[in-house]
Amino acid sequence: MATPSKDEQFVKLHDLIIGSTNVSDFLTELSTVAAATLSESAGTHIECGVTLRRRKRSTTVAGSSERARELDALEQDLGQGPCLTALESMSFVVLPDVATDTRWPEYRKVLAENGCRSVLGVPLALDQNQSAALNFFADEPGVFSDAVISRAEGFADLAGRALRLALRIADAQNLAEDLSAAMQNRTTIDLACGVIMAQNRCSQDEAIALLTKASSHRNQKLRDLAAEVLARVSDGAVNTHFEP
C-alpha cells in the first residue's frame, strides 16, 4: 500500500475536524490516525496517547486505546517520562528499551508492568500558551528507528497545524455562545426595564437604576431579578430569543 502524501494526510486531518463535534472527539480520532500511521511505518502494532498542555498544566485528553490513555495519564501523575520531556524540550524523545534505559525509573516500571517496551514522545507546536504531544507506545524494544521517528515528526507537523485550527474553531464557538447568552440576558433586562418604566412612569435610566438597586439589596443576579419582573406580568415563563 502506498504511503499517503503530506497533502493527503493534511486533507484527512481537516476532514476529522469537520466530522468531530468537539476538540476531544477530534483528538481521539487524531490519536487513532497517528497510531495507524506509525504502525504502518514500523511494521508492528503501535498505540498513541495525546497530552495537551494549556496554561502550564498537562492533561491526557485522548488515546487510540484504553491502555494508551492509561499509560499517558500515569505519566502525568508521576510527572516524568518521554512525553513530558518532549513537551519541555519541544523535540522528540525516545525510550528505546524499558529494560536497559536508566531514565524515568518509576515510569519505566509502570510501562514494564503494562507490557510496554519502548516509547516515543513527539511534541506538537501550537502557540505560546498551549502545546501538545503524541505519546507512542510499542510492545517491543527498538521499534522507534530513525525512519519511524522521521515519519512521526512529519505527521506531528501536520497534526499540529490541524490541532491549532481545531482549537481556534472551538474558541470561536465558545465566544459565539457567550455572546449569545449575553445578548439574551440583555434582552431580558431591557424588557424588565420596560415594565418598570410603564409601572412607575419613569425614564429608562431610572428603571435600570431601580432594578440594579433591588438586585443589590436582594443579593440576586440582575438577569434573574429581571426574569422575575417579567414573570409577574405574564401568564407563564418568558423566553427571550436572540439570533446571532
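Buried means under 20% relative accessible area, exposed over 50%, and partly exposed in between, with a 1.4 Å probe and protein chains only as cover. Helices (H or I, at least four residues) and strands (E, at least two) are DSSP runs, numbered from the N terminus.

The model is predicted: local features need pLDDT of at least 70, side-chain atom pairs count only at pLDDT 80 or more, and totals for chains, interfaces and linings use all residues. Residues are numbered from 1 along each chain as its sequence is written, and side-chain values use heavy atoms, with hydrogens and water left out.

**Exercise 1. Describe the overall make-up of the chain.**

Step 1. The chain holds 8 helices and 5 strands. In sequence order they give the pattern α-α-β-β-α-α-β-α-β-β-α-α-α.

Step 2. Of its 244 residues, 42% count as buried. The exposed surface of the chain is about 13400 Å², of which carbon and sulfur atoms supply 50%; such areas come from the Shrake-Rupley method with a 1.4 Å probe.

Step 3. A contact means heavy atoms within 4.5 Å. Among contacts between residues at least 6 apart in sequence, 59% join residues at least 24 apart.

**Exercise 2. Determine how strand β5 is covered and which strands pair with it.**

Step 1. Count the buried residues. In β5 (residues 130–138), 9 of the 9 residues are buried, so the strand is largely enclosed by the rest of the structure.

Step 2. Separate the two faces. In a regular strand, side chains alternate between the two faces of the sheet. In β5, Gln 130, Ala 132, Leu 134, Phe 136 and Ala 138 lie on one side, Ser 131, Ala 133, Asn 135 and Phe 137 on the other, and all are buried.

Step 3. Find the partners; two strands pair if DSSP finds at least two bridges between them. Strand β1 (residues 46–54) runs antiparallel to β5, joined by 9 bridges. Strand β4 (residues 118–127) also pairs with β5 in the antiparallel sense, over 9 bridges.

Step 4. Fix the register. For β1, Arg 54 stands opposite Gln 130, and Glu 47 has Phe 137 as its bridge partner. For β4, Ala 125 is bridged to Ser 131.

Step 5. Check the cover of β1: 8 of its 9 residues are buried.

**Exercise 3. Identify the nonpolar cores and the elements that build the largest.**

Step 1. A nonpolar core is a set of buried Ala, Val, Leu, Ile, Met, Phe, Trp, Tyr and Cys residues joined through side-chain atoms within 4.5 Å. The largest has 31 residues, and those with the most contacts inside it are Leu 27, Leu 38, Leu 120, Leu 134, Phe 136 and Phe 144.

Step 2. Two or more residues come from each of α2 (23–42), β1, β2 (57–63), β4, β5 and α6 (146–200). Helix α6 gives the most, with 8 residues.

Step 3. A second, separate core of 13 residues includes Ala 68, Leu 71, Val 93 and Val 110.

Step 4. Take one residue of the largest core in detail. Not counting residues up to four places away in sequence, Leu 27 touches Val 50, Val 61, Ala 62 and Leu 163.

**Exercise 4. Characterise the packing of α3 against α4.**

Step 1. Axes are lines fitted to C-alpha atoms, for helices over the stretch in contact, and angles run from 0 to 180 degrees between N-to-C directions. Helix α3 (residues 66–78) packs against α4 at an angle of about 65 degrees, with the axes 9 Å apart.

Step 2. This makes α3 roughly perpendicular to α4, a class that spans 65 to 115 degrees.

Step 3. Asp 72, Glu 75 and Gln 76 of α3 meet Pro 82, Cys 83 and Leu 84 of α4. The buried residues of α4 (residues 82–89) are Pro 82, Cys 83, Leu 84, Ala 86 and Leu 87.

**Exercise 5. Compare two loop residues with positive phi.**

Step 1. Most residues other than glycine have a negative phi. Met 90, not a glycine, has a positive phi of about 55 degrees, and Trp 104, also not a glycine, has one of about 50 degrees.

Step 2. Met 90 belongs to the loop between α4 and β3 (93–95), Trp 104 to the loop between β3 and α5 (105–113).

Step 3. Met 90 counts as partly exposed, because its relative accessibility is 39%. Trp 104, at 13%, counts as buried.

Notes
Parallel < 35°, antiparallel > 145°, perpendicular 65-115°, else oblique.
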